[in-house]
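Reader: Please give me a close look at the pairing of charged side chains in this structure, and then set that pairing in its surroundings. I would like the reasoning spelled out with the cut-offs, as I would want it at the bench.

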Amino acid sequence: MAQGRNTLMDPPIEDLLDKVDSKFTLVALGSARARQVNSYYNSLGEGLGKVVPPQVASVSGKPVSIAFEEIAAGKATYTRIDPEEEAAEAEALAEVELELEIVEEIVEEIVEEIVEDALLSEALIEVAEEDAADIEAVAEAEIELLDVGDGDPTAS
């Protein structure tokens with residue numbers, strides 16, 4: 001005769017609770033993994049392959065049942081984030097963001113200096129071109145003066 005069970009659920013809730021620290025963790029872990037399994041089945045044929053397939057051979061095709069079987073088998077696990085570690089990571093992230101802001105300010109200043117230098121260079125080039133044109137005009141005027149002379153036919 002078949003062996004009877006105390007509950008209708010397979011694997012039993014007691015076995016599942018031994019794998020986690022609370023009922024709430026069990027529900028959160030089971031639902032998260034069930035959504036992943038459901039996404040896997042929905043994405044078949046699309047070639048995405050981003051979701052992990054079921055890790056246990058299951059008689060049931062239901063995502064929640066598969067998720068609970070994975071939890072019972074130890075294939076789906078969780079980790080608690082230590083509040084001190086999380087605070088340290090947040091502090092380190094804040095420091096990195098501050099350093100990034102400082103670097104961005106320095107880069108902006110350097111870019112502004114480069115732009116100012118380029119504008120100054122363009123202005124100097126324009127002045128030099130104007131000076132060259134003025135020098136040419138003066139030289140042409142001197143040549144005309146030399147050509148006209150002072151009315152002395154012996155002057156050349």
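Author: D21 has a relative accessible area of 47% and is therefore partly exposed, the class that lies between buried (under 20% relative accessible area) and exposed (over 50%), with a 1.4 Å probe and protein chains only. R80, with a relative accessible area of 54%, is exposed. The side chains of these two residues, D21 and R80, meet in a salt bridge at 3.0 Å, N to O, where the term asks for a side-chain nitrogen of Lys or Arg within 4 Å of a carboxyl oxygen of Asp or Glu. The pair ties together distant parts of the chain, since D21 sits in the loop between α1 (13-19) and α2 while R80 sits in the loop between α3 and α4 (83-148), 59 residues apart. Side chains of opposite charge can pair when their charged atoms come close.

This is a predicted model, in which local features need pLDDT of at least 70 and side-chain atom pairs count only at pLDDT 80 or more, whereas totals for chains, interfaces and linings use all residues. Residues are numbered from 1 along each chain as its sequence is written, and side-chain values use heavy atoms, with hydrogens and water left out.

A search of the whole structure returns two salt bridges, and the other one joins the side chains of R33 and E70 at 2.4 Å, N to O. This pair also links distant parts of the chain, R33 in helix α2 and E70 in helix α3, 37 residues apart; helices here are DSSP runs of H or I with at least four residues, strands are runs of E with at least two, and both are numbered from the N terminus. R33 counts as buried because its relative accessible area is 7%, and E70 counts as buried because its relative accessibility is 0%. The 2.4 Å approach between the side chains of E70 and R33 is also a polar contact, meaning a pair of N or O atoms within 3.5 Å, where within protein one must be able to donate a hydrogen and the other to accept it, and residues adjacent in sequence count only if both atoms are side-chain atoms.

What surrounds this buried pair? Leaving aside neighbours within four places in sequence, E70 is in contact (heavy atoms within 4.5 Å) with R33, V37, P53, P54, Q55, V56, K75 and A76. R33, counted in the corresponding way, touches V52, P53, P54, Q55, A67, E70 and A76. A76 in turn is in contact with L29, R33, E70 and I71, again without its neighbours within four places.

A76 also leads into the nonpolar interior. The largest nonpolar core is made of seven residues, L16, V20, L26, L29, F68, I71 and A76, and α2 (23-43) and α3 (63-73) are the elements that give two or more residues to this core. Such a core is a set of buried Ala, Val, Leu, Ile, Met, Phe, Trp, Tyr and Cys residues joined through side-chain atoms within 4.5 Å.

Turning to helix α3 itself, its buried residues are I66, A67, F68, E69, E70 and I71, so E70, at 0% relative accessibility, is one of them. The cover over the buried residues of α3 includes α1 and α2. After α3 comes G74, whose phi is positive, near 80 degrees.

On helix α2, the partly exposed residue A28 has 46% relative accessibility. A28 and Y78 lie 50 residues apart in sequence but 9.7 Å apart in space, C-alpha to C-alpha.

For the wider setting, the protein chain has four helices and zero strands, and buried residues make up 13% of its 156 residues. Of the contacts in the chain with a separation of 6 or more, 51% are between residues 24 or more positions apart. The accessible surface, by the Shrake-Rupley method with a 1.4 Å probe and, for residues, only the protein chains shown as cover, comes to about 12,700 Å², with 57% belonging to carbon and sulfur atoms. Part of the surface is a nonpolar patch of L98, I102, I106, I110 and I114, with about 450 Å² of accessible area together, and L98 is found in helix α4. Patches are made of residues with over 30% relative accessible area and no salt bridge, with like charges joined within 9 Å and nonpolar side chains (Val, Leu, Ile, Met, Phe, Trp, Tyr) within 5 Å.
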